[in-house]
Amino acid sequence: MSAVLLLTLLAALSALAWTGGRPDHPDRTARRLVRYLRRDGVSEGPEPIFARADRGLRRLPFGAAFERYAVQAGVAMPVSALLLGVGAGVSVAAGIGAAAGGPVGAVPPVLAAILVGHAALRTARSRRIGRMEAQLPAALDMLVGQLRSHRSVGEGISDIARWIAPPLGGECRRLAEELRIGVPLPRALERLRDRMPARAVPAIVTAILVADRTGANLAECLARQAAAVRAQIAFRQELSAMTAHARATGMILALLPIVVAAAMFVLDSGVFEPMVATTSGRVLLGTACAMELAGWLTMRWMIHRVEA
């Protein structure tokens with residue numbers, strides 16, 4: 001049922017984007033030029049349905065935020081297709097739960113599917129940001145060398161984009177393409193900062209913009225930024241090693257009740273019959289799961305507060 005509602009919503013948004021009569025987005029020409037540079041052509045034919053749906057979703061606060069989060073996680077598929085896949089997964093989980101335990105039994109699988117999807121997207125985003133942060137010092141060193149060779153920022157980024165591996169290399173190539181088609185440097189750097197929410201990126205963007213406006217020695221500023229990024233990475237690695245025991249303890253405490261319950265169920269399945277066959281047992285089981293989740297989230301929040 002939820003999949004049908006999601007398809008209906010996407011179709012409505014697609015129709016709104018296609019027939020709304022609103023003026024073209026100012027970045028439409030830039031997107032066409034990017035497609036031309038990528039040799040995808042600039043055909044004026046009908047857009048794919050997912051592209052039209054994405055245009056409608058970008059007008060909604062949730063759609064724009066979700067698209068930005070997905071881009072930061074490195075998801076290349078359209079955001080409408082991603083939402084459609086999430087809706088299909090939630091519908092399958094709800095159907096399995098409803099077939100096993102009725103309407104009430106559909107709630108835990110749906111919540112589990114949503115939490116697993118969010119955790120997977122969050123993990124992919126964190127890993128991608130971590131890889132980009134690890135690549136930043138080397139990229140800054142290359143850019144400093146280019147600037148000391150009396151090359152411009154755009155030329156230096158275009159050159160190092162061929163030498164840096166993904167994911168930072170892909171972002172550098174995209175930045176170089178935007179600068180090549182005429183996007184102003186401040187606008188291109190703002191987009192880069194949105195796509196790369198790493199801690200060191202705002203300071204690097206600010207240094208480049210200030211040097212571009214004032215004529216300061218950008219090479220020396222970026223060299224100092226590279227040293228600062230290396231110091232930050234070393235400090236976070238040391239802090240991660242210090243909090244490894246707390247993370248392992250939280251994981252063990254979160255999994256211990258589940259493992260014990262599974263072992264008891266395997267040894268004697270009748271032990272859990274009152275927990276699933278009676279109303280009071282199901283209430284207690286749900287309360288225990290909620291308390292377990294709250295405890296795990298609390299410990300995770302405390303650890304993240306220390307590492308932030």
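**Salt bridges and burial in a predicted model**

Tutor: Let's start with one pair in this predicted model. Arg 195 and Glu 171 form a salt bridge, and their closest N and O atoms are 2.5 Å apart.

Student: What makes Arg 195 and Glu 171 a salt bridge?

Tutor: The rule asks for a side-chain nitrogen of Lys or Arg within 4 Å of a carboxyl oxygen of Asp or Glu. Here an Arg meets a Glu with N and O 2.5 Å apart, so the pair fits the definition.

Student: Which parts of the chain does that pair tie together?

Tutor: Arg 195 lies in helix 9 and Glu 171 in helix 8 (residues 168–180), so the bridge links parts that are 24 residues apart in sequence.

Student: Why is Arg 195 called buried?

Tutor: Buried means under 20% relative accessible area. Arg 195 comes in at 6%, so the word applies. Glu 171 is buried too, because its relative accessible area is 6%. Through salt bridges that share partners, Arg 128, Glu 171, Arg 174, Glu 178, Arg 191 and Arg 195 join into one network.

Student: How do you know that Glu 133 and Arg 199 form a salt bridge?

Tutor: Their closest N and O atoms are 4.0 Å apart, and the cut-off is within 4 Å, so the pair is counted. Glu 133 sits in helix 6 (residues 107–148) and Arg 199 in the loop between helix 9 (185–195) and helix 10 (201–214), so parts 66 residues apart in sequence are tied together. As for Glu 133, its relative accessibility is 10%, so it counts as buried.

Student: What makes Arg 58 partly exposed?

Tutor: Partly exposed is the range between under 20% and over 50%. Arg 58 has 39% relative accessibility, so that is its class. Its side chain meets that of Glu 67 in a salt bridge, 3.0 Å from N to O.

Student: How many salt bridges does the rule give?

Tutor: The count comes to 13.

Student: Why is Ala 120 called partly exposed?

Tutor: Its value is 46%, and exposed would need over 50%, so Ala 120 stays partly exposed. Ala 120 is in helix 6. Ala 120 and Ala 73 are 47 residues apart in sequence, with their C-alpha atoms 9.6 Å apart in space.

Student: How many helices and strands does the chain have?

Tutor: It has 14 helices and 0 strands. Of its 308 residues, 30% count as buried. Among contacts with a separation of 6 or more, 62% come from residues 24 or more positions apart.

Note on methods:
Residues are numbered from 1 along each chain as its sequence is written. This is a predicted model: local features need pLDDT of at least 70, side-chain atom pairs count only at pLDDT 80 or more; totals for chains, interfaces and linings use all residues. Side-chain values use heavy atoms; hydrogens and water are left out. Buried means under 20% relative accessible area, exposed over 50%, partly exposed in between (1.4 Å probe, protein chains only). Helices (H or I, at least four residues) and strands (E, at least two) are DSSP runs, numbered from the N terminus. Contact means heavy atoms within 4.5 Å.
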